[in-house]
Structures are given as C-alpha cells and as structure tokens.
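Let's take a walk through this protein together, with the model open in your viewer. The tour moves from the surface to the interior, then along the backbone.

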Amino acid sequence: MFFQKDIETMSRAKIEEIQLERLKHIVQYCMDNIPFYNKRLTEAGVSADKIKCLEDVQYIPYTTKADIRDTYPFGLFGKPIKDIVRIHASSGTTGKPTVVGYTKNDIEIWSDCMARIVMAAGASDEDIIQIAFGYGLFTGALGLHYGLEKIGATVVPTSSGNTEKQIMLMQDFQTTGLVSTPSYAQYIGEMAKDMGVIDKLNLKLGLFGSEGCTEEMRGQIEKTLGLFATDNYGMSELMGPGVSGECRERTGLHINEDHFLAEIIDPNTGEVLPKGSTGELVITTLTKEGIPMLRYRTKDITKINYEPCRCGRTFARMDKVKGRSDDMLKIRGVNVFPSQIESVLMKFDEIAPHYQLVITRKDFSDRLEVKVELADDGLLENFADLENLRDRIHHDLKTVLGIETKVSLVEHKSLERFQGKAKRIIDLRDNK
Ligand code: DLL
C-alpha cells in the first residue's frame with residue numbers, strides 16, 4: 001500500500017515548515033551548482049539566508065521555457081552528466097526540444113509522487129494496467145510506469161497506437177486500468193464499440209492526463225468504457241506526471257506539496273495573486289537535483305484550494321486546468337478558452353464528442369468556426385432537424401462565449417482522432 005499517511009495528512013503548518021526549509025535549501029543548491037541561477041539570483045539580490053518565510057519566494061525571479069531553451073541542452077542541470085541517470089524531453093512547436101535530466105534520487109522521488117497519486121485514484125496491486133501513453137522522450141509513460149510498479153500493479157507497457165491490438169490485449173488480459181490521454185481513451189472506446197467487444201472489457205479505472213478534458217467529456221468516456229477516471233497533471237520541466245492528481249473525491253488535484261511549492265500569478269502582469277484566485281500556476285521544485293526549477297511559469301490556468309479534502313489528505317488541490325494562457329484564443333478581443341466550447345458541445349446528444357476549432361481573419365475581423373461531428377449520419381437526411389440542431393448549438397455558444405461563431409456539422413468519423421495529445425485548434429491567422 002502506498003498511502004504515505006504521515007506525509008499526506010500533515011497539518012498545513014507542518015507542510016509549510018517543510019516547504020520553507022526545502023526552499024532555502026534549493027535556493028542555496030541552485031546558487032552553488034548552476035551558474036545561470038547564480039547570476040540570476042545575485043542580480044536580484046536573493047540568497048538562501050534572505051528567505052525568512054514562504055512569501056519571500058516572491059523575490060526570486062521567474063524561470064521560463066525560454067530560459068531552458070537558451071541553455072540547451074544541459075545548461076540548467078544541477079549535477080554533472082555522470083550523476084544524471086535519465087533524460088526526457090518535450091517537443092515544442094518550434095526549434096529544439098526542452099530537455100530535462102534526473103538523478104537517481106529524482107527518479108526515486110518521481111516514483112513516490114506517482115505512487116501516491118495512483119493509490120489516491122484507487123489503483124492497487126490487484127490491478128492490471130495498460131499504459132497507452134507513448135514510451136520515449138515523453139515523460140507520461142515512464143512516470144506512470146514506475147509509480148504503478150511501485151504499488152505492485154501489473155503494468156502492461158503497450159505504449160500508444162496499434163489500437164486494435166491494444167483492445168485485443170485489454171480483452172484477453174482483462175485489463176482493469178487504462179493510462180492514456182483522454183482523447184486516446186475516447187478513440188479506444190469508439191474502436192472497441194466498432195469491433196463489437198466493448199462489453200467484453202473489464203476496465204474499472206482510467207488514469208488520464210497530459211491534456212485538458214472537461215467534466216462533460218470525462219463523463220462520456222466513463223460511460224463508453226465503463227470506468228472511473230481521474231485527472232493527472234504535470235509537465236516535463238517540473239518532473240513529468242506526478243505533480244498533482246485527483247483522489248476518489250475528484251474535488252481537485254492534490255499537489256505533492258512536499259516537493260512542489262505552488263503560487264498563482266496574474267499571467268499578464270506577473271503579480272502574485274491572493275490565495276483562492278484563478279491565474280497562472282507557478283511552481284518551484286523543492287527537491288529536484290537534476291534540473292531544479294525556481295518559480296517556473298507553467299502558463300497553465302487554474303486555482304488552488306488549501307482546505308483539507310474529504311479523503312483525509314491535506315495537500316492543497318488545484319482545479320482542473322482551465323487552459324493554457326497561450327492557448328487562450330483572443331477572438332475579436334474576447335478571451336475564449338477551448339474548454340468552454342467543449343462544455344457546451346458535450347451537452348448535445350446528437351453530436352459525437354469530436355470537434356475542431358478553426359480561426360481565420362478576414363477584413364481585420366476574426367472568425368471562429370466550430371466544426372462538430374454528428375453522432376450518426378442518420379441526421380443528415382433531415383435538413384430541418386439539422387438546421388435546428390445547428391441553431392441550438394450556435395445559440396448556446398453565443399450565450400457562453402458572448403461572440404458569434406460559425407457552426408459546421410460534419411459527417412460522423414470525418415474529424416481526426418488522436419493517440420496522444422489532441423490538436424483541436426487550427427489557428428490560421430497571421431498575427432494572433
Ligand atoms: O504532459 C506530463 C504528463 C504526462 C502529465 C502524463 C500527466 C500525465 P508535457 O508534455 O511537458 O508533460 O506537457 C505539459 O501539458 O503544461 C499542460 O498545459 C498540459 N497538461 C498536462 N496535464 C494536464 C491536465 C506532460 N491534466 C503540459 N490537464 C502542461 C490539462 C494538462 N492540461
């Protein structure tokens with residue numbers, strides 16, 4: 001069993017005491033071992049002995065993805081290569097990947113963090129769990145792999161893709177748990193239905209993450225696959241998965257606060273916001289040696305609840321990520337999160353949970369086309385019903401977003417399916 005009760009139910013005062021001690025330590029570590037941080041901290045006049053309380057973290061300058069890129073590949077590593085036992089990387093849309101390194105100790109802590117989270121989600125040594133995240137430089141698969149092995153679950157490392165075989169094994173092994181992105185789980189469900197084997201699966205738990213998924217979409221996936229799904233959050237720069245995850249209560253994702261110090265800031269001004277505000281998540285890694293991060297700007301938008309959870313855990317809970325500050329679409333000056341659109345669409349039974357957002361600009365005005373797939377093509381035969389459906393979707397989108405959209409209903413199964421993170425936004429504007 002991997003409920004670290006003495007740690008996961010500590011009082012807030014104790015959590016903060018540990019965080020402060022570790023914060024001082026990591027600042028000193030960065031000063032001593034990483035020239036980049038030494039320069040940054042010295043310029044900002046920050047040193048470990050100046051940190052007297054947790055709020056003093058605010059004097060440390062932010063670290064951004066650009067800093068990691070500028071020091072590519074190993075410039076932010078805190079240990080020589082001989083002490084690094086693993087490298088992962090995440091591919092960006094442009095240029096070089098973001099490279100991260102782990103010491104043996106980092107891998108141990110990563111496995112612990114993951115083990116806590118999968119236990120909280122309800123996994124146990126009785127489970128057979130298929131990992132359908134891509135194995136490789138991506139942190140998702142190996143992160144979950146180590147955590148699940150640690151709690152004694154039977155891990156089946158299928159990786160992503162080869163969906164028919166994936167489903168065959170799921171049926172033959174009577175797999176009880178699935179690890180994947182929500183969009184791949186959705187695809188697996190659809191294909192298992194087509195293969196006529198959906199009722200022969202024995203899934204009970206979905207450990208999903210790595211991309212956003214509204215409650216409505218999660219509900220659909222749970223219904224199709226007959227499982228209970230939890231959300232898992234993390235990013236390569238901070239460790240990979242294991243930063244936070246939902247327990248069975250599903251009232252937020254517990255942050256492993258003994259290893260991560262979280263803040264919420266205004267993404268535009270960089271100002272730290274009061275507790276309970278919604279804004280950009282900033283994380284300081286408190287124990288990482290390979291590549292520690294001081295006040296890393298995640299760009300992910302969420303809010304944090306510090307009240308203890310009904311499950312007994314006291315680690316703060318972050319809301320499901322609302323979107324990324326750089327994913328937020330500005331349409332004719334109005335902020336639109338793709339998750340708001342997904343929530344509206346999922347309420348209509350006549351459409352399948354597959355959509356695409358296409359943004360164009362004509363005559364200096366932005367247009368948002370929402371392409372939605374029909375649940376089945378029978379509807380195509382009745383033009384009046386189709387028009388009526390389109391009008392209802394259009395109306396609800398306008399109510400929620402406050403802007404005009406063009407709704408296009410497209411044939412069943414005509415939109416792309418995804419085996420990893422979904423790419424549902426096609427922004428064709430030159431200057432966003
Ligand atoms: O996606 C790590 C991970 C793997 C997390 C598996 C959970 C499960 P990256 O590829 O570096 O790392 O992408 C990190 O993905 O900044 C978020 O924008 C997004 N993201 C990750 N988890 C969630 C989630 C992994 N649960 C970026 N909900 C992050 C919404 C998520 N977005």
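A good place to begin is Ile81, which sits in the loop between helix H4 (65-70) and strand E1 (84-90). Bear in mind throughout that this is a predicted model. Ile81 has a relative accessible area of 44%, so it counts as partly exposed. Together with Phe74 and Ile87, Ile81 forms a nonpolar patch on the surface, and the accessible area of the three residues adds up to about 240 Å².

The loop that holds Ile81 has another feature to look at. Pro73 also has its place between H4 and E1, and the peptide bond that joins Tyr72 to Pro73 is cis, with omega at about -5°. As a rule, most peptide bonds are trans.

Staying with the backbone, select Ser159, in the loop between strand E4 (154-156) and helix H7 (163-173). The phi angle of Ser159 is near 65°, a positive value in a residue other than glycine. Most residues other than glycine have a negative phi. Is Ser159 buried or exposed? Its relative accessible area is 18%, and since buried means under 20%, Ser159 falls in the buried class. Gln174 is another residue with a positive phi, here near 55°. Gln174 belongs to the loop between H7 and strand E5 (177-180), and at 33% relative accessibility it counts as partly exposed.

Now for the charged contacts. How many salt bridges does a search of the whole structure find? The search returns 31. One of them brings together the side chains of Glu16 and Lys275, with an N to O distance of 3.8 Å. This pair links distant parts of the chain: Glu16 is in helix H2 (residues 12-33), while Lys275 is in the loop between strand E10 (260-265) and strand E11 (279-285), and the two are 259 residues apart. Glu16 is partly exposed, at 28% relative accessibility, whereas Lys275 is exposed, at 58%. Glu16 and Lys275 are also part of a network of salt bridges that includes Arg12 and Glu257.

A further salt bridge takes us back to helix H4. The side chains of Lys65 and Glu237 meet at 3.2 Å, N to O. Here too the pair links distant parts of the chain, with Lys65 in helix H4 and Glu237 in the loop between strand E7 (228-235) and strand E8 (240-246), 172 residues apart. The two partners fall into separate classes of accessibility: Lys65 is partly exposed, with a relative accessible area of 30%, and Glu237 is buried, with 3%.

Arg361 and Asp366 supply another example, their side chains meeting in a salt bridge of 2.7 Å, N to O. Arg361 has a relative accessible area of 37% and is partly exposed. Asp366, at 6%, is buried.

Next, turn from the contacts to the empty space. The second largest pocket holds about 510 Å³. It is lined by 22 residues, and the closest to its centre are Lys193, Gln220, Thr224, Ala352 and Pro353. Which elements give two or more residues to this lining? They are helix H8 (182-194), helix H9 (215-225) and strand E18 (351-362). By class, the lining of the second largest pocket divides into nine nonpolar, seven polar and six charged residues.

Enclosed space is present as well, with four cavities of 30 Å³ or more. The largest cavity contains about 110 Å³. Of its 13 lining residues, His354, Tyr355, Glu416, Phe418 and Arg424 lie nearest the centre. The elements that give two or more residues to the lining of this cavity are H8 and E18, and E18 gives the most, with four residues. Sorted by class, the lining of the largest cavity has five nonpolar, four polar and four charged residues.

To trace these spaces in your viewer, strand E18 is a handy guide: it gives two or more residues to the lining of the second largest pocket, and it gives four to the lining of the largest cavity.

Note on methods: Residues are numbered from 1 along each chain as its sequence is written. This is a predicted model: local features need pLDDT of at least 70, side-chain atom pairs count only at pLDDT 80 or more; totals for chains, interfaces and linings use all residues. Side-chain values use heavy atoms; hydrogens and water are left out. Patches are made of residues with over 30% relative accessible area and no salt bridge: like charges are joined within 9 Å, nonpolar side chains (Val, Leu, Ile, Met, Phe, Trp, Tyr) within 5 Å. Accessible areas come from the Shrake-Rupley method with a 1.4 Å probe; for residues, only the protein chains shown count as cover. A salt bridge is a side-chain nitrogen of Lys or Arg within 4 Å of a carboxyl oxygen of Asp or Glu. Buried means under 20% relative accessible area, exposed over 50%, partly exposed in between (1.4 Å probe, protein chains only). On a 1 Å grid over the protein atoms alone, a cavity is a set of points where a 1.4 Å probe fits but cannot get out, and a pocket is an open set with protein on both sides within 12 Å along at least five of seven lines; lining residues have an atom within 4 Å of a point. Grid points are joined across faces, edges and corners, and a volume is the space filled by probe spheres set on the points. Ala, Val, Leu, Ile, Met, Phe, Trp, Tyr, Cys and Pro count as nonpolar, Asp, Glu, Lys and Arg as charged, and the others, Gly among them, as polar.
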